[in-house]
Amino acid sequence: MIYTKEVESMCPVGRMDATHGPSPIPEEGKWVQAKEISDISGLTHGVGWCAPQQGACKLTLNVKEGIIQEALIETIGCSGMTHSAAMAGEILVGKTILEAMNTDLVCDAINTAMRELFLQIIYGRTQSAFSEDGLAVGAGLEDLGKGTISQVGTIHSTALKGPRYLQLTEGYILEQGLDKDNNIIGYKYINTGKLLEFIKDGMDPKEAIDKATGSYGRFDEAVKKIDPRKE
């Protein structure tokens, strides 16, 4: 290590008790003085966005002793981002969180999400901070619910014609139910995750559609029912 002449000419001054180490952070039910990457554990979520803010990424990481053991990458709004997400799924697991921070994940949104998660994890702001032993690897899938499919809400609205529900938690919206004043009082949906599971298991597609279809709110009381994509 090279020192300047000014530093070399200075006399040593003690630091007393200033070398007690970093402040402990909560990790999986323990208080940890994190000094090395291997000291870091936790499961958490973060959201990133690309430079033109056209698309966004929700990233979930499960880190054990500094190594990413599980990654869930969900993207919306950009077709190219989905391909970057596929690549990220192959790249992220098995890396330390520091390696992952310095890995080009191509998509700005995924890179930004990785940055946000890194900050949460190293500062002890994880979802599992106070959960003893943290969450099992695979816990990220629980966010997807039945059918193992991302929960996406898509609504389009104009001042002239009002809101159109296109997709909600339950799935793809088939019809909106309106009352006599044309206010939305419910909707009919098809749960796409369940539908595809039924078909994959060999069920007749027509029967699968019927079984995966449901309604919400006072849909049965609707005076008028419309297709939100056409009417």
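Here are a few exercises on this predicted model, each with a worked solution.

Residues count from 1 along each chain as its sequence is written, and side-chain values rest on heavy atoms, without hydrogens or water. Local features need pLDDT of at least 70 and side-chain atom pairs pLDDT 80 or more, while totals for chains, interfaces and linings use all residues.

**Exercise 1. Work out how Y187 and Y216 are arranged, and what they belong to.**

Step 1: Start with the count: the structure has four aromatic pairs (ring centres of Phe, Tyr or Trp, the latter by its six-membered ring, within 6.5 Å; planes under 30 degrees apart are stacked, over 60 edge-to-face, the rest tilted).
Step 2: Y187 and Y216 make one that is stacked, with 5.2 Å between centres and 25° between planes.
Step 3: Now place them: Y187 is in strand β9 (residues 184-190) and Y216 in strand β10 (residues 213-217), so the pair links parts of the chain 29 residues apart (strands are DSSP E runs of at least two residues, helices H or I runs of at least four, numbered from the N terminus).
Step 4: Check the cover: Y187 is buried at 7% relative accessible area, whereas Y216 is partly exposed at 48% (buried is under 20%, exposed over 50%, partly exposed in between, with a 1.4 Å probe and protein chains only).
Step 5: Zoom out, and Y165, Y187, Y189 and Y216 turn out to form one aromatic cluster.

**Exercise 2. Find which elements build the largest nonpolar core.**

Step 1: This core has 24 residues, and C57, L59, L61, L92 and I110 have the most contacts inside it (a core joins buried Ala, Val, Leu, Ile, Met, Phe, Trp, Tyr and Cys through side-chain atoms within 4.5 Å).
Step 2: Two or more residues each come from β4 (56-64), β5 (67-76), α2 (79-91), α3 (97-101) and α4 (108-122).
Step 3: α4 gives the largest share, seven residues.

**Exercise 3. Explain the spacing of the E197 and K200 salt bridge, then look for a network.**

Step 1: The whole structure holds eight salt bridges (a Lys or Arg side-chain nitrogen within 4 Å of an Asp or Glu carboxyl oxygen).
Step 2: For E197 and K200, the closest N and O atoms are 3.5 Å apart.
Step 3: Both sit in helix α5 (residues 192-200), and because they are three residues apart, about one helical turn separates them.
Step 4: E197 is partly exposed at 29%; K200 is exposed at 61%.
Step 5: Compare E221 and R218, whose closest N and O atoms are 3.3 Å apart.
Step 6: As for a network, salt bridges with shared partners join K58, E74 and D143.
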